[in-house]
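Biologist: Could you take me through one part of this model up close, and then show me how the rest hangs around it? I'd like the contacts spelled out.

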Amino acid sequence: MTTTAVITGGARGIGRAIAERLRAAGHELAIVDLSPDLEEVAAELGALAIRADVSSEAGVATVREALERSGRPVGVLVNNAGITRDAIVHKMTEEEFAAVIRVNLGSTYRMTEGLADLLVDGGTIVNLSSRAQLGNVGQFNYAMSKTGIIGLTRAHALALAPRLRVNAVAPGFIASAMTDKMPAEIRERVIASVPLARPGQPEDIANTVAWLASDESGYVTGQVLYVCGGRSFS
Ligand SMILES: NC(=O)c1ccc[n+]([C@@H]2O[C@H](COP(=O)([O-])OP(=O)(O)OC[C@H]3O[C@@H](n4cnc5c(N)ncnc54)[C@H](O)[C@@H]3O)[C@@H](O)[C@H]2O)c1
């Protein structure tokens, strides 16, 4: 059965690469994003475009309505939308702190709670955590949100088994708009610390997500897979 893969934040970067890879695996696509490029990217990929803020209850309701209206069975949910608002501890504003928790952690929780019953039996959910959950200076809000996603992944894996599988991918430094924003000096230092001696590419993450979304990982649930060139333990 051909099913739809729903990818939040799929209009660019890692999310777009995941969408392309899941399309190659035979899925129909639904891309949920707020980006001005959403409709254009969705048209290029032959995807259903759903313009919604996945961090809000109303946004998740919009996604649900659009999927129900499409009449397509949903097989995969990838909770990929995420933001950074970096600052060191005493300089981080309440707003920066709350925004990252709301978007990264809140959207993963809301989308899963709001859509899990729409997924077909045997469906899969993949959440985007980060290698940064191990702790990065200036990213305590981000690290908290991505650590929370791991707890959520395990709790949802248990709550939704045996009907659905839920796993997380924790990317390291991936060449993307998110990491392009980093000061050049820090970027170079991080890349130099990667045992596999290169930045990751969005396709490295997309391939892992596609495996977790496929039957080949059929006995894997509640796990976190670090895709970071070895940086999680170096
Ligand atoms: N880039 C990296 O090095 C890296 C490393 C580890 C983890 N990650 C995680 O991977 C995911 C994707 O990262 P990326 O680098 O591709 O990011 P990106 O900033 O390039 O893309 C994120 C996409 O999410 C969308 N988005 C943001 N908030 C949204 C909301 N509330 N509702 C709907 N859409 C929203 C944006 O419009 C954008 O299209 C994120 O969860 C990020 O935290 C990235």
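Which residues of α8 are buried?

Modeller: Keep in mind that this is a predicted model. In α8, the buried residues are P202, I205, A206, T208, V209, A210 and L212. Their cover includes α1, β4, β5, β6 (165-171) and β7 (224-227).

Follow α8 inward and you reach the largest nonpolar core, which has 27 residues. I205 is among those with the most contacts inside this core, along with I7, I18, L22, L29 and V78. Helix α8 (202-212) supplies at least two residues of the core, and so does each of β1 (4-8), α1 (13-24), β2 (28-33), α2 (38-45), β4 (74-79) and β5 (119-128). Take I7 as a sample of the packing: setting aside neighbours within four places in sequence, I7 is in contact with G15, I18, A19, L22, L29, A30, I31, V32 and V78. There's another core apart from this one, with 22 residues, including A30, A66, L77 and L164.

Back to α1, part of the cover over α8. Helix α1 also holds a salt bridge, between E20 and R16, with the closest N and O atoms 3.0 Å apart. The two residues are four apart in the helix, so about one helical turn separates them. Both are partly exposed: E20 has a relative accessible area of 32%, and R16 has 22%. The pair doesn't stand alone, since salt bridges with shared partners join R16, E20 and E44 into one network.

In general, side chains of opposite charge can pair when their charged atoms come close. The whole structure has ten salt bridges, and two of them are good examples of links between parts far along the chain. E28 and R72 meet through their side chains at 4.0 Å, N to O. E28 sits in strand β2 and R72 in the loop between α3 (57-70) and β4, so this bridge ties together parts that are 44 residues apart in sequence. E28 is partly exposed at 34% relative accessible area, and R72 is partly exposed too, at 30%. The other example is R64 with D117, at 2.8 Å from N to O. Here R64 belongs to helix α3 and D117 to the loop between α4 and β5, so the pair links parts 53 residues apart in sequence. R64 is partly exposed at 23%, whereas D117 counts as exposed, with 53% relative accessibility.

Now for a charge without a partner. R131, in the loop between β5 and α5 (140-160), is buried yet has no salt bridge. The nearest side chain of opposite charge is D86, and that is 12 Å away; a salt bridge here would need a side-chain nitrogen within 4 Å of a carboxyl oxygen. What R131 does touch, not counting residues up to four places away in sequence, is N136, A170, P171, G172, Y226, C228, R231 and S232.

Last stop is the surface. V89, F140 and M144 form a nonpolar patch there, with about 270 Å² of accessible area together. V89 lies in the loop between β4 and α4 (94-115), and at 61% relative accessibility V89 counts as exposed, because the cut-off for that label is over 50%.

Technical notes: Residues are numbered from 1 along each chain as its sequence is written. This is a predicted model: local features need pLDDT of at least 70, side-chain atom pairs count only at pLDDT 80 or more; totals for chains, interfaces and linings use all residues. Side-chain values use heavy atoms; hydrogens and water are left out. A nonpolar core is a set of buried Ala, Val, Leu, Ile, Met, Phe, Trp, Tyr and Cys residues joined through side-chain atoms within 4.5 Å. Buried means under 20% relative accessible area, exposed over 50%, partly exposed in between (1.4 Å probe, protein chains only). Contact means heavy atoms within 4.5 Å. Patches are made of residues with over 30% relative accessible area and no salt bridge: like charges are joined within 9 Å, nonpolar side chains (Val, Leu, Ile, Met, Phe, Trp, Tyr) within 5 Å. Accessible areas come from the Shrake-Rupley method with a 1.4 Å probe; for residues, only the protein chains shown count as cover. Lys and Arg count as positive and Asp and Glu as negative; His and the chain ends are not counted.
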